[in-house]
Every structure is written in structure tokens, then in C-alpha cells.
Amino acid sequence: MLKKAISQAQLREWQLEINDISAEFRLAIIFYQANIELSIDVICISQNIDKNTQQQHESSVLQHLKATLTHNVTTLDQHSCVYHKLIRSAQGTIIGVISFSTQEKPPSEEVLNQALSAMQIRIADMLSNAIRYYISSLTIDSHASKPVSLDVDLQSFIDAFEEHIWVKDTNGQYVSCNKSVERAWRKSKEQILGKTDFDLFDQRTANEFIESDKLAINSGASVVVSECEEVDVNFNKVWLETIKAPISNAQGKLTGVIGMTRNIAKHKEAEEQLILAASVFQNAVEGVVITNSDGNITEVNQAFTDITGYSREEVLGKNPRLLNSGRHPKSFFERLWNTLLVQGKWHGEIWNRRKHGAIFPQKITISAVLDKQNIIQYYVAVFADISAQKQNEEKLKNLAYFDPLTQLPNRMQFMSLLEQEVNHSHRAKKQLAIVFLDIDFFKHINDSLGHVIGDEILVELAKRLSYALSDFDVLARLSGDEFVIMLPSIMGTDSVTSSIDRIRSVFERPFILDNSQSVRLTASMGVAIYPSDGDDHDSLLRNADSAMHRAKLDGRNNYAFYTESMTKQAAEQLKLQTALHQALVNEDFYLMYQPKVKLSDLKPNGFEALIRWHDTALGQISPAEFIPLAEKIGLIWDIGLWVLKTACLQGVEWLTQGKTFERISVNVASLQLQRNDFVDKVRSILLETGLPAKHLELEVTESCMMNDPDAIIRDLKLLGAMGIALSIDDFGTGYSSLNYLKKLPIDKLKIDQSFVRDIPHDTNNTAIAKAVIALGHALNLQIIAEGVETVEQADFLRLNGCDLVQGYLYSKPRLPQDLNEFLPTIRNSNLPNEIKVK
């Protein structure tokens, strides 16, 4: 028999070990002897096990033995919360069982309902393996009646552990250690035994070890003396925990200290996860309720209390039905539980009642938590108070269909009404009209008087329009200063015109502000008629919008009827816009250069860089078409920088080839000059490309002075100070202000080709050309005329003192490789004195 084969000294040693492990790891441990007739007898039992726990262990062990012998797996798995380890003899006969379960202080009624943690299972396995190792060396005859004694040496016992275990005597000398210590310390047992900490370690480490020995001795029990992160023999990071305990003989006299260091990385990880989970649980904004399988509350978080008003103590052990509002029928909860039991989760909205009686809505997710056998252990409910959300939804219902400022139907409501009316008109074979109205220059009102005054004017306008329309008409505000009117069941364009006249009449009277100031407004309107201008509500509104924009182009304060050509024009515009974006990505642009010559001797004086674009699908596209579009859609900045950099690189290439030229002029759009970083970008491109500033000229238009002229003048002066030449392009066609002209740091004036085209035959143009030349010379500026195509034009300009010219008479814009005759080589001393007229 197993119990008789073990000596009393060994039993006492096992009892002490089991007690220590039980206390340290909160385990209830019972070591049974198992007899062939399926009876069991306790060999060792840990302290403080109550009678109920002992009975449950015994019942579980007996069922486990029976299931093992009969290979009944179902019965075997029924007691998963009691952990069993069988011990067999050398012949394979079951001679013992060690059972483990969680132990609480004080013991609770549900002690066996909690499975062992990973750490507890690890300790249970280690203890069982150590006992099994020693028992395997015993000769045990289950039928023998004579007691069998066994001496199990300590060395074999501690060598069975993976943890580092060592023993010191009262003098601090190591008297025993296991193989794990030898591997960790990289020393043999002979090098360790008989040595003290001072012999093995540095002084600081030795002092720490000796102090921890004293702590264990003074405590009189096992204590954790250190916990730290280290690197093991394989250079892996591990968390190590060192436990020490005093050793006493049978008389209670201290004989030494035993120590054990173990890897608690998994334990630390689990601990961190538990701390994190607890923190998340308590600090979650959503309320959390945990119930057992019977539906009774076992835990709630702080958010639950904040939302419901019930404290944790008030609800523990209670059923969540105490929150029932009574608003849901019994069938609602039957469906909820059916879904939860079948699918393991239910999500939805529930109306519950707070502690003080107030009913509130909550969005909740209830999940079932299963064990390894797929048996429900807990239910977890996570919920949020959505009272504010419900209130907002009610407000949004109104905001979704009505404009909050004017209380008129908004776009969504209007489109719904329009769709219904289109369907009605289709069935009744009738016409209806849409009038899209936009206030002219309303932005000036907001910018000058403020948005508050602007809103007051919009409210007043909404009232006036409502009074001017019939009860059958529908007025809506789409956004900003855009209104739309639906005129149902019209008799033709005459009735539409009559309605528009009434609408326009509301603008005849001024709008009086609080300070008695009056403001007059005008509006542009576009009209689309069903079914000729669109057969659905979307196309009707879109086409009325297009007609409104046509009215604006025609001078504003007007109205226009939709035509099909507007749609085609918009489609072409969209196609070109898309292609322009892609052209910038693909760098589909290229530059051509038109020479400039001196009128006095027809020698070359530089070039104007001109951008060109050839699209594979659209073909060659004129700059007059895509440059305004680039300004409109915000691409002119990137395109302008590309032109400037490409022209500078071309200039550097010519200089590298030994060719000479005065300057390459690059056109700059007003939107580019309005950027605060334009000067920095020009400087950066010159530095990047290496082109000397003396070879660069920037041409700006008069329109650049329209916005913040003082800032523009400041930036132009900075550019001039860098050595860049500046010229005014298309002089006389734009903002022409002599006040700003005299302040600008410019070098040249360019006479626009519209003035050059009809000279010398058009007396007005000749007068303007003469005046520009005289004005420029008076300001010490050079004058250049563009678009010179005839000898008569050139002769007139020469006689009147024009300095420079460019145009088809001398050369069309050319690619860089075709300009050699305008690019003298510095090394060639026999340069022609003039360039023949082309």
C-alpha cells in the first residue's frame, strides 16, 4: 500500500510542502491513496480545508477513478473544477490521486465553481510530478500487508523542478542546489556548495541576498523577496520571482534557508491583463452588468450606478428585471432570450427605469460567456444611456426637413415634394416649373455687414417670397442665399413669366436694417419646365440651376430658361476639368518660346515662355481655354510653378551650351501673386535650378492689383531686389491705375496685341499705342509690343519709339531646339548684326 510505503519523515516533509504550496497559491490540496476496490484514503491534506470541500473532493476523485477505469469520458469531464493528477505504480496500476481546487479565505459556498488559473495548474503539475518521481522508485505491492519504508533524498526532489532551488545553512553557505541553478548561474555544483554569496557574487548582489535571507528568517514563513525582469541563459527576457523560507528541524531550531526563483512571465502578463481589464471595467463610459447563469447580478461597474442610480450593494444578487420599465410586452423578452440562447448574443434598444422612477432608453448588447464545455457560466450586458440621442433624433427630424433659419422646407423636403408632384404631373399629363433663385453678390452683404444682418435679410426675403406666391406654390431654401420655387400645374411659359414677375417685385422695395440703413438686392433666376427640361426631380433642379448660372453670365438681375446646350456645356467643362487634373499628374504640358527682338537693330532680346497642352483624347487645347479653368478649380498655383521651373531649367541648359540670351519671361497669374509664399517659391526654384536671376523676367497683369495692392507691391519689390526683371502684361486692358503704376518696381510695359492689331489704320489704337509708349518712357520703362504681324505695324512702332517687339512677323512660338538662330553662341565672334524678318 502506498501510504505504508512512505516513511513518516517523508510524510511530514510532504505535509509541510503541501501546506506551503496551499497557502502560497490558494489551493485546496488532498493526496489520496487509491485501492484496487476503488476506495480512497487520505495521505496528506492541506490546512484549512472545510468539511464540505473535502467531501466534494472525495466525490470527484471517486467519479474520476471510475471514469478512468471504465473509459467513460463524459463522467470524467463533469468535475472540471477539481483538478486531478493520477499516480501509478511501475506496473501501471493506479495507486494514488492528488486533487486540487481553488481555495478562498474564508471558504465560500461556490469554491468548486471556479476553475484553476494557469498559474495554479502549473504549480499543481509541478507538485504532482515531484511526488510521482519519488514514488516511481518505490516497490509497492497493493496486496502486501507489510509496511514499506522509503528514503527520498532532497537532491532528487529539487532536481525534478524547473525552478531554481537552493538551500543554505545558518552560516550562509550553500549546502544544496538543483540542476536548474547550475544552468542559470553557469557554475557546477562543486563550485557552488560550501560557498557563500560573497564567494559567488559581487558585494552589492551578495548583500542583497543576505538581507533577503534575514527577511525570510525574521518573517518565520515563506516570503517573496524580489521580483524583477532578467535575461535567461537563452537571452530571452523573463520575469523572475524569488521566494525564500526558513528551515527548522523537528525541535523547531533554525537550520537554514531554502530559496526558489521561478519564471512568472505568464503570471505577470495575466496580472497586467487583469489590472487592465479591471481598469477598463470601472472606467468604461458604458454601464456593465455581469450575472451568473441564473441571471442574478454578480458585478456592476461605476457607470451602471451613474446611469441607473442603483449602487453596487443594492443590486448584487438581484435580477436585472428590477430595472424593467413595463413598456415592453412579455413577447419582447421571450424573443430576446431565445436569440441569446441560440446565438449567444442579443443587441438592441430597451426602455428601462432608473432608481427614482424615470424611464430612459438604452442601447444594450447582452452576451453569454461559455466555459470549455460550452456551458453558460455568465451573462455580460454592456449598455449606454441614449436619452440625449433620442432627444436629438426628435430635433433632427425637424432639421432634416426644414431650414432652421427661415423655417422653409429644406432641400430634402423640397426634393421629396417635387418627386411627388412630378409623379402627379406625369399621371395628369400636366406641366410644372422650377425656379432656381440666387441673390446677386450676397457675399458682399455678409462681408460688409456681418452674417447676423445677412441672416435677418434672408428671413425677411423668405417672408416676402411666401406672400408673393400662391398657396399651391412651394418655396424652399436650399442653402446660403439659394432659394427654389415649385410652380405646379402651369398653363405655359406665360404663367411662369407672370409668377417670375411677382417674385422679382419683392426686390423692388429696399430691406430696412435695425440702424435704419436700407439695402437693395437683386436676384438671378433659372427656370426648368417639366417634362421638356427634365423628366425627374433631380434633372429638373439641376437644369434650373444651370439656367440660373446662365442668367448670371448674362448680367445678373435677370432670369433665363433652360436649354439643352447648357447640359452639354457643363459636361464638356467637367471632362476638361478631369483631364486637366490628370495632365498635371502626368506632366502632359510643354513649353514653347516666342523670341523678343529690339526694334532698333532687330537683335534678339530674350524669349517669352508659353505653356501648351496636348491631351491624348481631347487633342491640342488652347491656353485661353484651360488657364481660366485652372484658376477656377485651384490648379493655377501648381501649373505656374511647373512653368517657372521648366523655363529656368531650359535657361540653364542654354547657358551650359554656351548660348547667350537676355531673359526668359514667365507669365504670373494674379492668384499666384496673392499667395504669401510666392516670393519664397521663386527664390527656391532659382536656387534649385541654378538660373541666375538676371536671366529671368516675370510678367504680371494689371488685374493683380485688384486684391491687396500694397502686399503685391511689397512682393514685387522683393523680386526686383533679387535681380528679376518685372513687366506689366496686357497694359491698358485691366485695372490701369497710374497711382499704383508709379509705385510698382517694374522694368517694362507690354502693349496688348488688341491695340497693335489694327495700327496704323485704326486711329484709336494708334493713339493708345502712342500714349502707352510716351507714358512708359516718361516713367523710364522699356516698351514692348506683342502680336506684331505686319511690316506696317513694326514701322509705326519703330517711328514712335517702341523698344521691343514680338509676334509672327519675327517668329512664331517655337520648341527649344528650333531657336538656335535666336541664341548666339558666346564663343562665336562672327555673330550676325541682325536677324532677318521672317
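# Surface, loops and salt bridges

Colleague: What is the relative accessible area of Gly720?

Modeller: Gly720 counts as partly exposed. That class sits between buried, under 20% relative accessible area, and exposed, over 50% (1.4 Å probe, protein chains only). Gly720 falls between those cut-offs because its relative accessible area is 29%.

Colleague: What kind of model is this?

Modeller: Residues are numbered from 1 along each chain as its sequence is written; side-chain values use heavy atoms, with hydrogens and water left out. Local features need pLDDT of at least 70, side-chain atom pairs count only at pLDDT 80 or more, and totals for chains, interfaces and linings use all residues: this is a predicted model.

Colleague: How far apart in space are Gly720 and Glu697, C-alpha to C-alpha?

Modeller: Gly720 belongs to helix α26, residues 709-721. Helices (H or I, at least four residues) and strands (E, at least two) are DSSP runs, numbered from the N terminus. Glu697 is 23 residues away in sequence, and the C-alpha separation is 9.6 Å.

Colleague: Which residues of α17 are buried?

Modeller: Start with the other side of α17, where Lys443, Asp447 and Ser448 are exposed. An α-helix has 3.6 residues a turn, so residues three or four places apart point the same way. The buried residues of α17 are Phe442, Ile445 and Asn446.

Colleague: Within what arc do the buried residues of α17 fall, seen down the axis?

Modeller: The arc is taken from the directions from the helix axis to the C-beta atoms. The buried residues of α17 line one face of the helix, because they fall within an arc of 90°.

Colleague: What covers the buried residues of α17?

Modeller: Contact means heavy atoms within 4.5 Å. The cover includes β15, α18 (451-468) and β19 (518-519).

Colleague: What is the phi of Phe441?

Modeller: Phe441 is in the loop between β15 (431-439) and α17 (442-449). Phe441 counts as partly exposed, at 47% relative accessibility. Gly450, which follows α17, has a positive phi near 100°. Phe441 is not a glycine, although its phi is positive, at about 55°.

Colleague: What is the phi of Arg556?

Modeller: Arg556 sits in the loop between α20 and β21 (559-561). Arg556 is partly exposed, at 32% relative accessibility. Arg556 is another residue other than glycine with a positive phi, near 65°.

Colleague: Which loop holds Pro531?

Modeller: The peptide bond from Tyr530 to Pro531 is cis, with omega near 5°. Pro531 is in the loop between β20 (523-530) and α20 (537-553).

Colleague: Which loop holds Pro760?

Modeller: The peptide bond from Ile759 to Pro760 is cis, with omega near 5°. Pro760 is in the loop between α28 (753-756) and α29 (763-778).

Colleague: How many salt bridges does the model have?

Modeller: The rule asks for a side-chain nitrogen of Lys or Arg within 4 Å of a carboxyl oxygen of Asp or Glu. By this rule the count of salt bridges is 28.

Colleague: How far apart are the closest N and O atoms of Arg262 and Glu241?

Modeller: Arg262 is buried at 6% relative accessible area, and Glu241 is buried at 7%. The two form a salt bridge, with the closest N and O atoms separated by 2.5 Å. This pair links distant parts of the chain, 21 residues apart: Arg262 in β9 (254-263) and Glu241 in β8 (237-248). The N to O distance is thus 2.5 Å.

Colleague: What is the N to O distance between Lys750 and Glu786?

Modeller: Lys750 counts as buried, at 1% relative accessibility. Glu786 is buried too, at 11%. Their side chains meet in a salt bridge, N to O, at 3.9 Å.

Colleague: Which residues share a network of salt bridges with Lys750 and Glu786?

Modeller: Lys750 and Glu786 belong to a network of linked salt bridges. The other members are Lys596, Glu608, Glu697, Glu699 and Lys748.

Colleague: What accessible area do Trp337, Leu341 and Val342 have together?

Modeller: Leu341 lies in helix α14 (330-343) and counts as exposed, at 54% relative accessibility. Patches take residues with over 30% relative accessible area and no salt bridge; like charges are joined within 9 Å, nonpolar side chains (Val, Leu, Ile, Met, Phe, Trp, Tyr) within 5 Å. Areas come from the Shrake-Rupley method with a 1.4 Å probe, and for residues only the protein chains shown count as cover. The three form a nonpolar surface patch with a joint accessible area of about 330 Å².
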